[in-house]
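Please open the model in your viewer and keep the selection tool handy. We will go stop by stop, and at each one you will hear what to select and what is there.

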Amino acid sequence: MSSQPHPPLGESNPAAHIEPDFPNLENLAITPDGDGSRTPSDLEASSPGLDEKDLKVEQPEADVEVLDATELTPMEAFKWDVDGDQSPFPEVAACVPNTDDPSVPCNTFRAWFLLTIFVILFAGVNQFFGLRYPSLTIGYVVAQLLVFPIGRAWEKLPRWRLPLGRLSFDINPGKFSIKEHALIVICVNLVVGYEPASTAYAMGSLVAMVSPVYWNHDWGAGFSFLYLLTTQMLGFGLAGLSRRWLVYPAALIWPSSLASTVLFRALHEPQDTTPANGWTITRYRYFVYGTAAAFAWFWFPDYIWTSLSTFAFATWIAPNNQKVNTLFGMNSGLGLLPISLDWTQINYAGFPLTTPFYVTCNAFAVVVLFYLFLSPILYYTNVWYSAYLPLLSSSTFDNTGATYNITRVVDSNLDFVLSKYEQYSPMYISMSYSISYALSFAAVTAIVVHTYLYNGSEIWAKFKNSRSGGEDIHKRLMNQYKEVPDWWYGILTAVIVGLGIFVVRYWDTGLPVWGFVVVCFGMGVLLIIPEGILEGTTNQRIFLNIITELIAGYAWPGKPIANMMVKCFGYNSVKHGMDFAQDLKLGQYMKIPPRTLFIAQIYASVLATATQTGVLRWMIGHIPDLCKSTNKDRFTCNGAKVVYNASLIWGTIGPQRMFQSGQVYSSLMYFFAIGPVVTIAVYLLYKRYPKSWLRYLNVPIFFNAAGNIPPANTAQYSLWFIFGFIFNYLIRKKAFAWWKRYNYLTQAALDTGTAIATVLIFFALSYTGVKLTWWGNTVGSNTMDAKGTPWLTVPKGGHFGRGAGEF
């Protein structure tokens, strides 16, 4: 870090506080070893008539290294000089202003009032419709749009001041600020998350516990509230204690948050009309047009012509050809011709415009190698009896190819009965599911080794000194605000852990206290930094739900409720920890005072949990046949059913009957060792050839990026790659100025228009049962791809694999 003092923050000309775009970056000499200066010839082109002496550009004391359109890997990014007055990462420079005005209001009555209303509204609506099929999610981007006109309308209210002595405040503090807006949206995001979700992650397991349709263990509203609160907040304190690794470093740009920052700026700031590769349209106007286009178009693939969503025309031509449907189908097939005009399909595997392209390449490489190349070979040679099942399916099957009937291996109390199991069938899974398990096993062990090898020195340096490696302009701007002390987060963590211990101890959950502390909380302590560094730099995260179920299944066999709780506590301690870290980074980008954000996040978490608990308890008491398949309003609780079935598989039957030595899938366990071995091998080759393509190979991402398969399919990953290639490679390389100004805004506009159309279609048509039936909506419904027809057929009365009494 430079020893030269920086100028006082916030004392520049107020007009300079807002810089919507950074055209200077486009003309900078871009070399990692250069000083980032503009040459006189460069300046002459833009400033004719000036003498050369007028063209001299003052450089900062420290060398400013400015990146160009070439993406940096995390290993390179951590070593980049960040001491300049602009972020060295073009993604951040394009989306985040490098100035701040501390006088801009944030902690206002208006912000807290709107925060309260929107958190209650979004938590309640998403909870209510989350138990319905099809479910409805109102995402945070909708809140980002709705809050803005309400905040602006508030400006018209009288300038009343409530006289409360030292606690006096203005009802209308004046112009609705970007910081108020950001604070509200960050807190709403705690309810819905950046990824598609409808309710709290643990809600599915809670409904499975309390519903008479499933486990029927209703321990009351107190348990419901504390269980949801502790699962949601177990990672909050860990994220705060890990800020020096997950939030402060400039290299952790948290790509998903950039789409939010650019939308905030498009709504609030004066617009730049200087040409960007010939485009002069303002960001705000571009966003409006993009949102309107996405809204209008989504009606076609979602309602008017639904076959546009999965345009597998080869299966329409040969609907009864099994190989054609398996290779080209986009439901249970491989989707070798990935054609879709549905943004939700393109966006399903990942956000293509905000994910670094080298990450997309890693993901597509594993899809090509394991799913498009290896899986058909294994499938058609009937490895693991997979040819008797669909190639791509997330269901479980018995040895006749039928869906596994869990009621045949349990008694009336839903306890596992070994003798019934032995007279029925082992459990089988599809080839794609088998590969997904194997890759997830490798990813979990690989990420620990990868973080130690690639980032160990940075982690240790940050442990000794939080400012090690330097502070970028955004962190330096935040230094003028009072930071949240680590002990605040420490106390919060102790409180949540204490409440978690109370939950598992007071109620008969089957999970011992040591299991909660060592496995659930311990998983967060062990993995939040490796996982956070991975997601903060690559926009990807390791899926831990299967691993938590596996551990719990071995540790507490025959205890399905304990299995569900380990899954939710263990997975959420990392997942929500990273969500909180991402929100902290967004708060840093938007220059929100840290202590205000800390209090707001806790308040929003408690408020959302109370709202979700209240709505759930009301639904249990007032909706007849809730969670039953016969529910007339389709409140069938599909998410809870999935969690319930998983608890039976992993908690009741147990993983040992699938993966231990002698079982069908025992060979998959070798992938726990394969992950670290491959990581070490790639690292050694990278050290030997540091400038080669190996620097772009990220082993945890390679093993994990396709972890959504199933239920995602390979076509969705192919579409993700195609759009990533177009925007983050071709356009970034050929039209860098356009990419800087409009790329992240394009992602936000398409997401927003699609989300608004989804809500309107749901309430206007889906909820009322209005259907449009014609060839374009039914053409793919009778294909082998839609039916999931396997390659081999079990003879009537026969079976594959081991029969009754043979296992």
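Our first stop is Asn325, which is buried, with a relative accessible area of 2%; the cut-off for calling a residue buried is under 20%. Bear in mind as you look around that the model is predicted.

**Stop 1: Asn325 and its surroundings**

Colour helix α14, residues 322–328, and you will find Asn325 within it. Now show the side chain of Asn325 together with the backbone of Met784: a polar atom of that side chain lies 3.3 Å from the backbone nitrogen of Met784. Which residues is Asn325 in contact with, leaving aside neighbours within four places in sequence? Select Thr315, Ala318, Pro319, Asn320 and Gly333, then add Thr783, Met784 and Asp785, and you have the list.

**Zooming out**

Switch to a cartoon of the protein for a moment. The secondary structure comes to 32 helices and four strands. If you colour by accessibility, buried residues make up 57% of the 807 residues. Contact maps tell a story here too: taking contacts with a separation of 6 or more, residues 24 or more positions apart account for 80% of them.

**Stop 2: helix α23 and three partners**

Select helix α23, residues 560–589, and keep it highlighted for the next three views. Two packed helices are described by the angle between their axes and the distance between the axes, so those are the values to look for at each partner.

*Partner α11.* Add helix α11, residues 255–268. The axes of α11 and α23 come within 10 Å and cross at roughly 40°. That angle makes α11 oblique to α23. The crossing of α11 past α23 is right-handed. To see where the two helices touch, show Ser256, Ser257, Leu258, Ser260 and Thr261 in α11, which meet Gln582, Leu586 and Tyr589 in α23. By class, this contact between α11 and α23 holds three nonpolar residues, five polar ones and no charged ones.

*Partner α6.* Hide α11 and bring up helix α6, residues 178–192. Here the axes of α6 and α23 are 10 Å apart, and the packing angle is about 165°. Are α6 and α23 roughly parallel or roughly antiparallel? They are roughly antiparallel, because angles over 145 degrees count as such. The crossing of α6 past α23 is right-handed. Display Ile186, Asn189 and Leu190 in α6, and look for Phe580, Asp583, Leu586 and Gly587 on the α23 side. The contact of α6 with α23 contains four nonpolar residues, two polar and one charged.

*Partner α24.* Next, select helix α24, residues 594–622. The axes of α23 and α24 lie 11 Å apart, with an angle of about 140° between the helices. α23 and α24 are therefore oblique to each other. Their crossing is right-handed. Phe580, Asp583, Leu584 and Gly587 in α23 meet Leu597, Gln601 and Ser605 in α24. Sorted by class, the contact of α23 with α24 has three nonpolar, three polar and one charged residues.

Before leaving α23, keep Phe580, Asp583 and Gly587 on display: they meet α6, and they meet α24 as well.

**Stop 3: Asn98**

Move to the loop between α3 (90–95) and α4 (109–130), where Asn98 sits. Is Asn98 buried or exposed? Its relative accessibility is 14%, so it counts as buried. Show the side chain of Asn98 and the backbone of Asp85: the backbone oxygen of Asp85 lies 2.7 Å from a polar atom of that side chain. Then pick the C-alpha atoms of Asn98 and Asp472, which are 9.7 Å apart in space although the residues are 374 apart in sequence.

**Stop 4: two asparagines with positive phi**

If you have a Ramachandran plot at hand, open it for this last stop.

- Asn216 has phi near 55°, a positive value in a residue other than glycine. Find Asn216 in the loop between α7 (203–210) and α8 (220–233). Asn216 is partly exposed, at 46% relative accessible area.
- Asn382 has phi near 65°, again positive in a residue other than glycine. Look for Asn382 in the loop between α16 (357–380) and β3 (396–397). Asn382 is also partly exposed, with a relative accessible area of 23%.

Definitions and conventions. Residues are numbered from 1 along each chain as its sequence is written. This is a predicted model: local features need pLDDT of at least 70, side-chain atom pairs count only at pLDDT 80 or more; totals for chains, interfaces and linings use all residues. Side-chain values use heavy atoms; hydrogens and water are left out. Buried means under 20% relative accessible area, exposed over 50%, partly exposed in between (1.4 Å probe, protein chains only). A polar contact is a pair of N or O atoms within 3.5 Å; within protein, one must be able to donate a hydrogen and the other to accept it, and residues adjacent in sequence count only if both atoms are side-chain atoms. Contact means heavy atoms within 4.5 Å. Axes are lines fitted to C-alpha atoms, for helices over the stretch in contact, and angles run from 0 to 180 degrees between N-to-C directions. Angles under 35 degrees count as roughly parallel, over 145 as roughly antiparallel, 65 to 115 as roughly perpendicular and the rest as oblique. A crossing is left-handed if the near helix is turned anticlockwise from the far one by less than a right angle, and right-handed if clockwise. Ala, Val, Leu, Ile, Met, Phe, Trp, Tyr, Cys and Pro count as nonpolar, Asp, Glu, Lys and Arg as charged, and the others, Gly among them, as polar.
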